[in-house]
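Here is a short tour of one protein model and its bound ligands. Please look at the sequence and the structure first.

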Amino acid sequence: MKNTVKIGLLGCGTVGGGVIIVLNENKEDIARKAGCAVEVKTVLVRDKSKLKPEIEKYNIGYTDNLDDILNDPEIDIVVELIGRVHPAKEYIEAALQHGKHVVTANKDVLAEYGKSLFALAAEKQLDFQFEGAVGGGIPIIRPLRSCLAGNKISRVMGIVNGTTNYMLTRMTEAGLSYENALKEAQAKGYAESDPTADVEGIDAARKITVLASLAFNTALTLKDVHIEGIDNVEACDISYARELGYVVKLLGVAKNDPENGITANVYPVMLPKNHPLASVNDVYNAIYVNGDAVGDAMFMGRGAGRLPTASAVCGDIIDTVRNICHNACGRVSGNLFVEKKMCPPEKEMEPCYFRLLVNDRPGVLAAIASTFAAQQMSIASVIQKAVVENGLAELIIITYKVSRLSLDLSLRTLQVLPVVKKVCSVLRVEDPNL
Ligand SMILES: NC(=O)C1=CN([C@@H]2O[C@H](COP(=O)(O)OP(=O)(O)OC[C@H]3O[C@@H](n4cnc5c(N)ncnc54)[C@H](OP(=O)(O)O)[C@@H]3O)[C@@H](O)[C@H]2O)C=CC1
Ligand SMILES: N[C@@H](CC=O)C(=O)O
Ligand code: NA
């Protein structure tokens with residue numbers, strides 16, 4: 001039995017720094033829970049002068065050469081927290097090739113190369129853990145891989161991006177502009193180093209790729225996800241939603257229908273105010289899972305930020321240390337054994353909200369209604385807002401369920417219809433009454 005398991009940490013930014021703090025501050029308890037001491041021996045950094053004083057005070061070795069970690073026989077676990085796809089993917093592969101267990105929070109890599117990394121870890125009988133990659137501090141990866149493994153899962157949906165949830169909350173509750181809300185989220189350490197991945201829905205799409213793959217035991221990649229971000233959501237959509245009894249949230253939604261196949265989407269959704277996800281605000285994330293045995297289960301907590309994410313990473317480290325101490329590594333594989341079957345767009349059905357800028361004159365509604373009718377789209381309600389400028393008015397239309405194919409075709413027609421000046425926004429509506 002080892003006295004100490006040593007770690008090589010790649011990256012010492014927001015989350016890497018948090019891991020150092022948690023492992024040091026909770027050292028004694030962690031050693032008792034893990035079965036032996038856990039120590040960060042070497043940290044890979046590009047520029048040591050960037051280290052913050054709260055991290056520098058711990059007595060840790062630093063290097064700018066990955067080989068110092070890969071070739072150190074004392075290091076058993078490599079914790080990758082540099083982010084982005086390259087060179088993180090190559091570093092993870094190199095660590096596994098050198099016989100090191102890997103812990104990461106990198107959904108960018110998992111959403112593109114998860115399948116091959118699971119296979120490499122399994123071949124080498126090594127642990128490959130990534131709880132921090134989805135939902136930050138919320139336990140969701142381990143529940144899907146272990147606690148819920150007895151279920152056939154039909155749906156995983158939730159708020160999986162802390163930055164955009166924080167922004168939408170601040171825009172809704174404090175009337176902040178989009179730009180100021182983003183600045184605040186960045187200052188709090190929630191946003192990715194390139195925040196376009198957050199606001200364009202790509203970060204959420206990576207997470208729903210990982211969740212859907214584990215839930216449906218199928219290797220999805222980012223290309224399988226239809227993505228729309230919050231960059232087109234305007235303050236007026238948020239206030240119309242409020243008027244209609246809804247709240248706007250950016251959701252990742254993956255469904256597995258045995259007949260039609262898998263759908264995986266990220267888009268802003270209007271949720272009824274009494275929906276449990278509607279009151280999940282600020283940086284909080286929440287993930288709903290529906291399994292045939294468990295029914296509905298919801299996991300909620302802080303989805304981003306230094307210590308919440310470090311909490312998940314440290315949980316993975318402790319689990320790996322236990323496996324090392326008990327010679328039980330590589331037990332849980334990716335389990336991606338089902339062949340992928342995606343649902344065709346004509347079978348994917350959701351209700352929709354449209355905000356259109358139109359000419360305010362007779363016949364306009366009829367022209368729009370006939371465009372919808374041509375695509376078998378049924379209108380549930382229409383609200384016309386007072387003229388906003390030069391003979392123009394805003395039309396808010398909510399439809400019953402429409403297929404993604406019909407939606408795309410109707411949008412093409414609306415965009416060239418002379419009476420429609422602009423299709424301002426289109427949101428999905430999650431409402432069991434529609
Ligand atoms: N922040 C969060 O709330 C969450 C983050 N994550 C994930 O955790 C990971 C880390 O994120 P986060 O800590 O926020 O990111 P940061 O940008 O804060 O930290 C990344 C660190 O890695 C360093 N780095 C980048 N490339 C290299 C390299 N080639 N060699 C050595 N060091 C390198 C960067 O150094 P430099 O400053 O020199 O660029 C930086 O210090 C990402 O995969 C992210 O998606 C997951 C959940 C939540
Ligand atoms: N930028 C991400 C960080 C966690 O994954 C987010 O905002 O959720
Ligand atoms: Na998590």
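This is a predicted model. The tour begins with ligand 1. Around ligand 1 stand 21 residues, and the closest are Val15, Arg46, Lys50, Glu192 and Gly305. Sorted by class, this shell holds eight nonpolar, nine polar and four charged residues.

Ligand 1 makes polar contacts with backbone and side-chain atoms. A polar backbone atom of Thr14 sits 3.0 Å from an oxygen atom of ligand 1. Gly189 offers a backbone N or O atom, 3.3 Å from a nitrogen atom of ligand 1. Glu192 uses an N or O atom of its side chain, 2.8 Å from an oxygen atom of ligand 1. Taken alone, ligand 1 exposes 900 Å², and the protein buries 83% of that.

Next comes ligand 2. Its surroundings include Lys107, Asn161, Gly162, Thr163, Tyr190, Ala191 and Glu192. Asp198, Asp203, Lys207, Gly303 and Ala304 are also among the residues around ligand 2. By class, the shell divides into three nonpolar, four polar and five charged residues. Glu192 belongs to this shell, and Glu192 is also one of the closest residues to ligand 1.

The table lists polar contacts of ligand 2.

| Residue | Protein atom | Ligand 2 atom | Distance |
|---|---|---|---|
| Lys107 | polar side-chain atom | oxygen | 2.6 Å |
| Gly162 | polar backbone atom | oxygen | 2.7 Å |
| Tyr190 | polar backbone atom | nitrogen | 2.7 Å |

Taken alone, ligand 2 exposes 250 Å², of which the protein buries 93%. Two elements give two or more residues to its shell: α8 and α11 (202-216).

Helix α8 deserves its own look. What span should its twelve residues have at 1.5 Å a residue? The expected value for α8 (residues 162-173) is 16 Å, and its end C-alpha atoms are 16 Å apart, so the two agree. The helix is mostly covered, with nine of its twelve residues buried. Among the buried residues of α8 are Gly162, Thr163, Thr164, Asn165 and Tyr166. Met167, Leu168, Thr169 and Met171 are buried too. Of these, Gly162 and Thr163 also lie around ligand 2.

Ligand 3 is a sodium ion. Which protein atoms are its donors? Glu131 gives both O and OE, while Val134, Gly136 and Ile138 each give O. These donors lie 2.3 to 2.7 Å from the ion. In sequence, the donor residues follow the spacing E-x2-V-x1-G-x1-I. Val134 has a relative accessible area of 0%, so it counts as buried. Gly136 has 3%, and is therefore buried as well, since the cut-off is under 20%.

The loops hold some backbone details. The loop between β4 (75-80) and α5 (88-97) contains Pro87. The peptide bond from His86 to Pro87 is cis, with omega near 5 degrees. Arg84 lies in the loop between β4 and α5. Arg84 is not a glycine, yet its phi is positive, near 60 degrees. Is Arg84 buried, partly exposed or exposed? Its relative accessible area is 45%, so Arg84 is partly exposed.

Asp282 also has a positive phi without being a glycine, at about 55 degrees. Asp282 sits in the loop between β10 (261-272) and β11 (284-291). With a relative accessible area of 33%, Asp282 is partly exposed.

Notes
Residues numbered from 1 in each chain as written. Chains lettered and ligands numbered in written order. Predicted model: local features only at pLDDT ≥ 70, side-chain atom pairs only at ≥ 80, totals over all residues. Heavy atoms only, no water. Donors = N, O, S within 2.8 Å, 3.2 Å for Na, K, Ca; no water. Buried < 20%, exposed > 50% of the residue type's maximum accessible area, 1.4 Å probe, protein only. Near = heavy atom within 4 Å. Polar contact = N/O pair within 3.5 Å; in protein donor to acceptor, adjacent residues only side chain to side chain. Areas by Shrake-Rupley, 256 points an atom, 1.4 Å probe, with all protein chains shown as cover. Nonpolar A, V, L, I, M, F, W, Y, C, P; charged D, E, K, R; others polar. Helix = DSSP H or I, 4+ residues; strand = E, 2+ residues; numbered from the N terminus. Expected span 1.5 Å × (residues − 1).
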